[in-house]
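Here is a short briefing to keep beside you at the bench. Have a look at the structure first, and then we can walk through it by topic.

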Amino acid sequence: MLINKSKKLKNVRYDIRGPVSDEADKLEREGVRIIRLNTGNPAAFGFGPPITVLGSLAKYADISVPYSMSKGLYKAREAIARYCISQGIMNVTPDDVYTGNGVSELIQISMQAFLNRGDEILIPTPDYPLWTAASILAGGKAVHYICDEQSDWQPDINDIKRKITPRTRAIVIISPNNPTGAVYSKDLLNNIIELAREHELALFSDEIYDRLVMDDVKHISVASLAPDLFTVVFNGLSKSHHICGYRAGWMTLCGNKSGAKGYIEGINTLASLRLCSNVTGQSVIGAALDDNSSAQLNIKPGGRLYEQREFAFKELTDIPGITAVKPKAGLYIFPKLDTKMYGIINDENFVLDFLREKHVLLTHGGSYNWKKPDHFRFVYLPCMDELAEVMSRLRDFLENYNQKCRVK
Ligand code: PLP
C-alpha cells in the first residue's frame, strides 16, 4: 500500500529543519559532532532561563496540571494585555489574547482561520518561513515582497504596492526580523499602514524579537500606530527568556475588531480544537513579562549576546567574498556571498558541502524564501570560543571552495 503525503502539503516547506538538517542528524548518528546553527535556540548554547521564570515554574506547578481555558490562563492573558498596553497598543483586554504552543502554533491557527482558497497574503522575502508555509497550508497564496538589503533590509514599499491585487487580504510584518535582524522604522510602518487602510487589509505582526533590540534602536509595534486597523500581534518567550521548549507564545487581536466577528469565531473554534496550549509554559508568562532584566543585560555592550554579535559580524565580514548588514536585533546575521567568487549556483549545496566538510550546520538563504543563491543565515548564539572555531572552519572551507568545479 502506498501512503503519500496529502496534496495540501505539496508546496509546504520548512527547510530550517529540512534536508540539510536531516543530513546533520545522519552524520551525528555516525558519531560526528556537529555544531548546529540552524535554529535560534538560546538554551542549547548555555543561555539559561531567568531565575524568576524557574521560581514561577515551581510555584505554579500544581495549576499547570489540568487543561486551562482554550485561550489560556486568565492571569497569563492579563499580563500579556498589560504588556501590549506598555507597548502603546491601546484597548487590549485579556479577552483579546490567545496563548499558544509557541508563536508557531498561532501563526498556523491565524492563517487557517483567515485565508480562503486563492486569497493572497503579502509576506516578506527573506521571511521566517513558517509564515509562507502556514499560508499555503491554509489554501492561500503567499506573495513575497522584497526587503531591500541596500536599505538595511527595510521592506520596499513600492514592491508591496505593486503586488497588491484585488485578492490581497493582509500584510505580514516581521519586525524585528528573522533572518535579517532589521527593525522597521516608524516611517516605514506608517507607509505600510497607509496601504493597509487604502486597500482594507489586515495586518499580522510577528514581534517575537522585540525584547532583543540593540544599539538603542527602538522597536515600534505597528498596532500602536494604527488603532483603526485590525492587527494581530504575535509574541512569546522562546527567544527573550530562552525557553523555546516551554512553548510559551501568544497572539493579541488589536485595533478595530468591528469587522472581525466572523474571524474571531473561527479563531475561537481552532483554539478550542487544540484544547489549550501547554499550561506549564503559560504559567511563567506573568513572571517573565515582569522580569525582562536578563534579556536586557545580554543585549547591552558587555552582554553576552551583544558581544557575540559584534564578534560574529566582524569575523564574517572579514572573510573575502562575504558582506552583511549588521543586525539591530535578534539572534541572526544574513550574510551575502560573492557567488561569482565561489562559483555558487545552489545555496543549499553550499551549506551541505560546508556541513559535510566542516561539520557545522548552517541554513541557506532559500530556506527563507530568498530566491537568489547568495545568502545564508548565521546564528550567533554560540559562546566566543565556539564562534571563533566556526569562523576558522568557514574561512578554511571558503579558501578552496568553488561549487562549479565540484559539480563538474
Ligand atoms: N516568529 C519568528 C520570527 C521566529 O523566528 C520564530 C522562531 O524562530 C517563531 C516565530 C516561532 O517561535 P516559537 O514557536 O518558539 O514561539
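A polar contact here is a pair of N or O atoms within 3.5 Å. With that in mind, Tyr209 is a good place to start: an N or O atom of the Tyr209 side chain sits 2.6 Å from an oxygen atom of the ligand. Please remember that this is a predicted model.

**Around the ligand**

- The ligand has 13 residues around it, and those that come nearest are Val103, Ser104, Asp206, Tyr209 and Ser238.
- Ser238 places a polar side-chain atom 2.6 Å from an oxygen atom of the ligand.
- Arg247 takes part as well, with an N or O atom of its side chain 2.8 Å from a ligand oxygen atom.

**The two domains**

- The domain assignment splits the protein into domain 1, made of 7-48 + 297-402, and domain 2, which covers 62-291.
- Taken over C-alpha atoms, the centres of domain 1 and domain 2 are 26 Å apart.
- Contact between the domains involves 36 residues of domain 1 and 32 residues of domain 2.

**What the domains bury**

- The size of an interface is often given as the accessible area lost when the parts come together.
- For domain 1 and domain 2 that area is about 3000 Å², with 62% of it on carbon and sulfur atoms.
- On the domain 1 side, Ile299, Val325 and Lys328 supply 21% of the area buried against domain 2, more than any other three residues.

**Polar links across the interface**

- Between domain 1 and domain 2, 15 residue pairs are in polar contact.
- Two elements, α13 (304-318) and β11 (332-333), each supply at least two residues of the side of domain 1 that touches domain 2.
- The most comes from α13, which gives 3 residues to that side of domain 1.
- Sorted by class, the side of domain 1 that touches domain 2 holds 20 nonpolar, 9 polar and 7 charged residues.
- How many salt bridges does the rule find across the interface of domain 1 and domain 2? The count is 1.

**Salt bridges**

- The structure as a whole holds 23 salt bridges.
- In one of them, the side chains of Asp215 and Arg309 meet at 2.8 Å, N to O.
- Another joins the side chains of Asp95 and Lys71, at 3.1 Å from N to O.
- Asp95 lies in the loop between α3 (74-86) and β2 (97-101), while Lys71 lies in the loop between α2 (51-59) and α3, so this pair ties together parts that are 24 residues apart in sequence.

Technical notes: Residues numbered from 1 in each chain as written. Predicted model: local features only at pLDDT ≥ 70, side-chain atom pairs only at ≥ 80, totals over all residues. Heavy atoms only, no water. Domains from an automatic or database assignment. Contact = heavy atoms within 4.5 Å. Buried area = accessible area lost by both parts, 1.4 Å probe. Salt bridge = Lys/Arg side-chain N within 4 Å of Asp/Glu carboxyl O. Polar contact = N/O pair within 3.5 Å; in protein donor to acceptor, adjacent residues only side chain to side chain. Helix = DSSP H or I, 4+ residues; strand = E, 2+ residues; numbered from the N terminus. Nonpolar A, V, L, I, M, F, W, Y, C, P; charged D, E, K, R; others polar. Near = heavy atom within 4 Å.
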